[in-house]
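This report describes the arrangement of strands and helices in one protein chain, and then turns to a single residue.

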Amino acid sequence: MDEVLFVNACIRPQSRTLRLARHVLEGLGGRTEEVDLSLGQVLPLSAEEAERRERLVKAGALDDPLLDYARQFARADQILIAAPCWDLSFPAVLRAYLERVSVTGVTFHYNDQGVPAGLCRARRLIYVTTSGGPMGGQNLGYDYIKALADTFFHIPQVQCLQAEGLDVWGADVEGILRQAMERWDAQMR
């Protein structure tokens, strides 16, 4: 049975991004483990933590609780990240989380030529996002996630589901969300 990691960066209770993500989750099957970033437990690495993490990696002590998120990320078969588009990217808490999962020796390593090689088991990462206005072909949050997945984690399939223009005056929000879900469903057939 697949292990699905759901990284929920939707910090608003009535999140439209979360609605889309839940729709995607229904079709994934497997056992889902959720990391809810709205709980405020994921903070940027402090200088002390960064130094400690470096010492742990050098010592091969990869079972330390400081690396829990990275180990969880590395063992997932599929990863779903849900994050609204904020300020051309995503909420800062997602960046803090990504900082905690990008760990040499756990989610990637450098080969003999100094090139990152992935250690993640995931065969697919899905990024779900919504925006109030039009993205205009620029989805910088997805671009960042895809770059990490390709360059460091080597996750072979990276997909994006987005709905945009939700806060434009007169927008049919329900219709836009429904169309996004229908596009996803058609893509998965």
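The sheet is treated first, then the helices that lie across it, and finally one glutamate.

The model is predicted. Its open sheet is built from 5 strands, arranged in the order 2-1-3-6-7 with parallel pairing. Strand 2 (31-36) and strand 7 (157-163) are the edge strands, each pairing on one side only. On average, and with direction ignored, neighbouring strands of this sheet are turned by 15 degrees against each other.

At one edge of the sheet, strand 7 pairs with strand 6 (residues 124-130) in the parallel sense, over 7 bridges. Within this part of the sheet, Arg 124 stands opposite Gln 157 in strand 7.

Two helices that lie across strands of the model are listed below, each with its angle to one named strand.

| Helix | Strands it lies across | Angle |
|---|---|---|
| Helix 4 (residues 92-101) | strand 1 (3-8), strand 2, strand 3 (78-82), strand 6 | about 135 degrees to strand 1 |
| Helix 5 (residues 140-153) | strand 3, strand 6, strand 7 | about 170 degrees to strand 7 |

Strand 3 and strand 6 thus appear in both rows: helix 4 lies across them, and so does helix 5.

The remaining topic is Glu 182, which belongs to helix 6 (residues 173-188). Is this residue buried, exposed or partly exposed? Glu 182 has a relative accessible area of 47% and is therefore partly exposed, because that class lies between the limits of 20% and 50%. Glu 182 is separated from Thr 17 by 165 residues in sequence, while the two lie 15 Å apart in space, C-alpha to C-alpha.

Note on methods
Residues are numbered from 1 along each chain as its sequence is written. This is a predicted model: local features need pLDDT of at least 70, side-chain atom pairs count only at pLDDT 80 or more; totals for chains, interfaces and linings use all residues. Side-chain values use heavy atoms; hydrogens and water are left out. Helices (H or I, at least four residues) and strands (E, at least two) are DSSP runs, numbered from the N terminus. Buried means under 20% relative accessible area, exposed over 50%, partly exposed in between (1.4 Å probe, protein chains only). Two strands pair if DSSP finds at least two bridges between them. Axes are lines fitted to C-alpha atoms, for helices over the stretch in contact, and angles run from 0 to 180 degrees between N-to-C directions. Contact means heavy atoms within 4.5 Å.
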